[in-house]
Amino acid sequence: MSNRRNQIVFLTALVVVFLFIVYRMTRSPEVASVVSRADENFRPIAVENPALRLDLLERLKKLQYEGSHRNIFSSSAPPPVSAAPPVAAVPPPVVGPAAPQGPAPLVVPATFYGYVTDAQTGARRAFFIEGDNVYVLAVGELLLGRFRLMQIGNSSVELEETSTGRRATLTMEEPTPS
């Protein structure tokens with residue numbers, strides 16, 4: 001008897017689910033009324049001549065950007081923009097050693113202490129140490145996320161700071177024991 005009772009309960013549940021699905025499918029959606037009201041309120045913009053203005057497009061193509069050419073992906077500050085062109089002034093005579101001109105030399109916080117050459121491909125990889133961290137880099141890879149390895153020589157490497165483009169050459173040094 002309980003088997004027959006289970007069948008009746010199951011059949012009743014199926015009928016209820018079927019009726020709910022039929023109700024949902026036959027009911028009119030509320031979205032349709034909103035869309036139809038939006039169509040009634042639509043008024044196109046009054047444009048006298050909808051043709052493309054090719055003369056304006058050509059003028060935009062010839063436009064040259066004259067602002068500061070700052071790298072928007074760099075966190076360093078852009079170089080200061082001078083309002084007037086620099087005036088050629090005669091420097092006063094210097095007595096003693098001359099101070100270095102230009103930006104400060106690039107300081108790389110890591111030490112270059114060797115390289116290895118792959119016997120099969122001939123590709124070189126340089127070894128750098130910074131504190132307790134050891135970095136093994138090939139040409140083109142980044143050191144500390146800031147310095148791109150440009151060249152590996154027999155006793156030195158050339159690095160470029162990615163944000164400014166300044167270059168530095170590190171000579172091979174023996175790492176200090178820590």
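**Close-up 1. F18 sits out in the open on a predicted model.** With a relative accessible area of 54%, F18 is exposed, since the cut-off for that label is over 50%. This is a predicted model, and here F18 belongs to helix α1, which covers residues 2–26. F18 also has nonpolar company: together with L11, V15, L19 and V22 it makes up a patch on the surface. The accessible area of these residues comes to about 470 Å² together.

**Close-up 2. F112 and F128 make a tilted aromatic pair.** The structure has two aromatic pairs. In the one formed by F112 and F128, the ring centres are 5.7 Å apart and the planes meet at 45°, so the pair counts as tilted. F112 comes from strand β1 (residues 111–117) and F128 from strand β2 (residues 124–130), so the pair ties together parts 16 residues apart in sequence. Are these rings buried or exposed? F112 counts as buried at 1% relative accessibility, and F128 counts as buried at 0%.

**Close-up 3. Three strands line up in an open sheet.** The order is β1-β2-β3, and the pairing is antiparallel. β1 and β3 (133–138) take the edges with a single partner strand each, so each has one side without a neighbour in the sheet. On average, neighbouring strands here are turned by 25° against each other, direction ignored.

**Close-up 4. F128 faces Y135 across the β2–β3 pairing.** How many bridges join β2 to β3? There are six, and the two strands run antiparallel. Opposite F128 stands Y135, a residue of β3.

Technical notes
Residues numbered from 1 in each chain as written. Predicted model: local features only at pLDDT ≥ 70, side-chain atom pairs only at ≥ 80, totals over all residues. Heavy atoms only, no water. Patch = residues over 30% accessible without salt bridge, like charges linked within 9 Å, V, L, I, M, F, W, Y side chains within 5 Å. Areas by Shrake-Rupley, 256 points an atom, 1.4 Å probe, with all protein chains shown as cover. Salt bridge = Lys/Arg side-chain N within 4 Å of Asp/Glu carboxyl O. Helix = DSSP H or I, 4+ residues; strand = E, 2+ residues; numbered from the N terminus. Buried < 20%, exposed > 50% of the residue type's maximum accessible area, 1.4 Å probe, protein only. Phe/Tyr/Trp six-rings, centres within 6.5 Å; stacked < 30°, edge-to-face > 60°. Pairing = 2+ DSSP bridges. Axes fitted to C-alpha atoms, helices over the stretch in contact; angles between N-to-C directions.
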